[in-house]
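Here are a few exercises to try with the structure open beside you. Have a go at each task before you read its solution.

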Amino acid sequence: MKKILIAGSKGGNSKTSLSLCLAACLAQSYKVCLIDTDPQGSLVSFKDLLGIDLCEPSELKKNSYDVALIDTAPYLSNKLPDLLKQADYILLPCRPNVFDAVAIKTIISLLPPQKPCGIVLTQVQHRVNITDVLSVLQGYNVPILKQTMSYRVSYARAALQNIFETDDIKAQKEILSIVLDVFAQL
Ligand SMILES: Nc1ncnc2c1ncn2[C@@H]1O[C@H](COP(=O)(O)OP(=O)(O)O)[C@@H](O)[C@H]1O
Ligand SMILES: [Mg+2]
């Protein structure tokens, strides 16, 4: 079972939305489970709507799925070091502003050495210049995914409707491309 951890030390940077969308994408080809390690558990209330298995963290020891997507809390919880250790890949969402780009440094400092990981820019709006943010992120020696996640209404509704069951082809293409970027490093 491949374990993909979506982590970050700030709230609101699309961790939960990305976990959901990546799970929805991968569920088309693999046996996928979503694991919500955030005590606020935002995914739990949507369990029945998604058609994706929502599992307890204990599932990580069982190996009954092909892929586990692990959503995390928006702060550095005491569970985080173990999750970072167990993960096969760590995805770090970051909104395109310098505050988020600086804040991400905290979690980067906790990454186990040699662990496959990548930063993905999220909630990227058209015509917003991301050059300054990229230059901060490039200083961290962590790969930055070529594909970004745009700011899109269908993502904001991702917990209500699986984006792969909408007609938002652009969102589907973005998510697939993020999946391919991640899988290239697994
Ligand atoms: N790419 C996006 N486009 C538009 N809205 C988004 C996008 N990603 C997240 N959101 C919205 O932003 C808010 C925070 O996203 P969420 O995934 O809950 O972040 P986190 O889990 O990191 O706290 C939610 O209201 C969500 O619907
Ligand atoms: Mg969340």
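**Exercise 1.** How far is an oxygen atom of ligand 1 from an N or O atom in the side chain of K15?

*Solution.* Keep in mind that you're looking at a predicted model.
- Step 1: Find the side chain of K15; one of its N or O atoms is 2.8 Å from an oxygen atom of ligand 1.
- Step 2: Compare that with the cut-off, since a polar contact is a pair of N or O atoms within 3.5 Å. The K15 pair, at 2.8 Å, makes the cut.
- Step 3: Look at the backbone too. A polar backbone atom of G12 is 2.7 Å from an oxygen atom of ligand 1, and one of R152 is 3.0 Å from a nitrogen atom of the ligand.
- Step 4: Check the cover: ligand 1 taken alone exposes 560 Å², and the protein buries 75% of that.

**Exercise 2.** Work out what surrounds ligand 1 and which helix gives the most to its shell.

*Solution.*
- Step 1: Locate ligand 1, which sits in the largest pocket.
- Step 2: Count its neighbours: 14 residues surround it, with S14, S17 and S150 among the closest.
- Step 3: Sort them, and you get four nonpolar, eight polar and two charged residues.
- Step 4: Turn to the helices. Helix 1 (15-26) and helix 6 each supply at least two shell residues, and helix 1 gives the most, with three.

**Exercise 3.** Is Q114, with its positive phi, buried or exposed?

*Solution.*
- Step 1: Recall that most residues other than glycine have a negative phi.
- Step 2: Read the angle: phi of Q114 is near 70 degrees.
- Step 3: Place Q114 in the loop between helix 4 (98-108) and strand 6 (117-121).
- Step 4: Its relative accessible area is 77%, so Q114 is exposed.

Key. Residues numbered from 1 in each chain as written. Chains lettered and ligands numbered in written order. Predicted model: local features only at pLDDT ≥ 70, side-chain atom pairs only at ≥ 80, totals over all residues. Heavy atoms only, no water. Helix = DSSP H or I, 4+ residues; strand = E, 2+ residues; numbered from the N terminus. Buried < 20%, exposed > 50% of the residue type's maximum accessible area, 1.4 Å probe, protein only. Near = heavy atom within 4 Å. Polar contact = N/O pair within 3.5 Å; in protein donor to acceptor, adjacent residues only side chain to side chain. Areas by Shrake-Rupley, 256 points an atom, 1.4 Å probe, with all protein chains shown as cover. 1 Å grid on protein atoms, 1.4 Å probe; cavity = no way out; pocket = protein on both sides within 12 Å on 5 of 7 lines; lining within 4 Å. Sits in = over half its atoms within 2 Å of the grid points. Nonpolar A, V, L, I, M, F, W, Y, C, P; charged D, E, K, R; others polar.
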